Amino acid sequence: MEEKEQNDYLLKIENLNMKFKTPAFKFDTLKERIVCFFSGKMKKSRQFQALENINCEIRRGESLGVIGHNGAGKSTLLRLVAGIYKPTSGKIDVKGSVVLLNLGAGFDMEASAEENIYLSGAILGFSRKQMKERFKSIIEFAELEDFVKMPLKNFSSGMISRLGFAIAIDVQPDLLLVDEVLSVGDVNFQKKCMEKIKTMKEQGVSFMFVSHNINQVKNLCEKTLWIENSKVMGYGPSEEICKKYFEYCSAKTN
């Protein structure tokens, strides 16, 4: 019984490393690129360590906050969990469906809100019929009843955020990856999203929540992973880790 409880995780990340290859030379003009190509310099590259030795896990109905400064590797971690990137080394074990909620990700900005709902559904593996059944609740939650036929290129960032969030929560994944989405939009909609997340958690949905809003992280997440310069600086109860992060940021400012 104890062993079963210990293995009852939805996501488990072990010794995760991610490196990206970047050009060793910067090209400002086409002429410089051509010269470097024929000189053989184009073949040279250097590696950038985006994430180093990451370990964490999420159980069903649990939320994990991911904090750190810009460029720390937070969004890269979410893309690895979503399967967009393949890790250089290490293991990512996910037991269930995963949806990455990123502002405007996967949207066609020339298409309408209606068309994007069906497009997003197709990407997530849902038929047009299934998305048609969800259409009304998505539009109502996003508060976009008057803008169904409008192209997304005419939407504000807040409207796009509302649409993306409404689609993601309506398809009810096992694990929802949230990348800074709740920082966009008005206060009332943010409050509605927070309440919806709490309800979904009670229904067994898990969250991985990237945010610079420490209060949101503390309110929504049982545990927090703090990443700085690709490395783990802290991992544990949110109250404890967020406090350490705040102290770290204060010390750097002073």
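Biologist: Which residues in α7 do E140, F141 and A142 in α5 meet?

Modeller: This is a predicted model. Helix α5 covers residues 128-142, and α7 covers residues 187-202. From α5, the contact uses E140, F141 and A142. Their partners in α7 are F189, K192, C193 and K196.

Biologist: How many nonpolar, polar and charged residues does the contact of α5 with α7 have?

Modeller: The contact brings together E140, F141 and A142 of α5 with F189, K192, C193 and K196 of α7. Polar residues are absent from it. The count is 4 nonpolar, no polar and 3 charged.

Biologist: At what angle do α5 and α7 pack, and how far apart are their axes?

Modeller: Two numbers are needed, because a packed helix pair is described by the angle between the axes and the distance between them. For α5 and α7, the angle is about 130°. Their axes lie 11 Å apart.

Biologist: Why is α5 called oblique to α7?

Modeller: The packing angle is about 130°. Roughly perpendicular ends at 115 degrees, and roughly antiparallel needs over 145. The angle fits neither class, so α5 is oblique to α7.

Biologist: Is K201 buried or exposed?

Modeller: K201 sits in helix α7. Its relative accessibility is 14%. The cut-off for buried is under 20%, so K201 counts as buried.

Biologist: Which residues does K201 touch, leaving out those up to four places away in sequence?

Modeller: One of them, F207, belongs to strand β7. Another, S63, stands opposite F207 in β7. The full set touched by K201 is G61, S63, F207, L220 and E222.

Biologist: In which sense do β3 and β6 each pair with β7?

Modeller: Strand β3, residues 63-67, pairs with β7 over 4 bridges. Strand β6, residues 175-179, pairs with β7 over 5 bridges. Within the β6 pairing, L177 has M208 as its bridge partner. For both β3 and β6, the sense is parallel.

Biologist: How many residues of β7 are buried?

Modeller: Strand β7 spans residues 206-210. S206, M208 and V210 point one way, F207 and F209 the other way. Both sets are buried. The count is 5 of 5.

Biologist: What is the relative accessible area of L101, and is L101 buried or exposed?

Modeller: L101 is found in strand β5, residues 98-102. Buried means under 20%. L101 has 4%, so L101 is buried.

Biologist: What separates the C-alpha atoms of L101 and A166?

Modeller: Along the chain, L101 and A166 are 65 residues apart. In space, their C-alpha atoms are separated by 9.9 Å.

Conventions: Residues are numbered from 1 along each chain as its sequence is written. This is a predicted model: local features need pLDDT of at least 70, side-chain atom pairs count only at pLDDT 80 or more; totals for chains, interfaces and linings use all residues. Side-chain values use heavy atoms; hydrogens and water are left out. Buried means under 20% relative accessible area, exposed over 50%, partly exposed in between (1.4 Å probe, protein chains only). Helices (H or I, at least four residues) and strands (E, at least two) are DSSP runs, numbered from the N terminus. Two strands pair if DSSP finds at least two bridges between them. Contact means heavy atoms within 4.5 Å. Axes are lines fitted to C-alpha atoms, for helices over the stretch in contact, and angles run from 0 to 180 degrees between N-to-C directions. Angles under 35 degrees count as roughly parallel, over 145 as roughly antiparallel, 65 to 115 as roughly perpendicular and the rest as oblique. Ala, Val, Leu, Ile, Met, Phe, Trp, Tyr, Cys and Pro count as nonpolar, Asp, Glu, Lys and Arg as charged, and the others, Gly among them, as polar.
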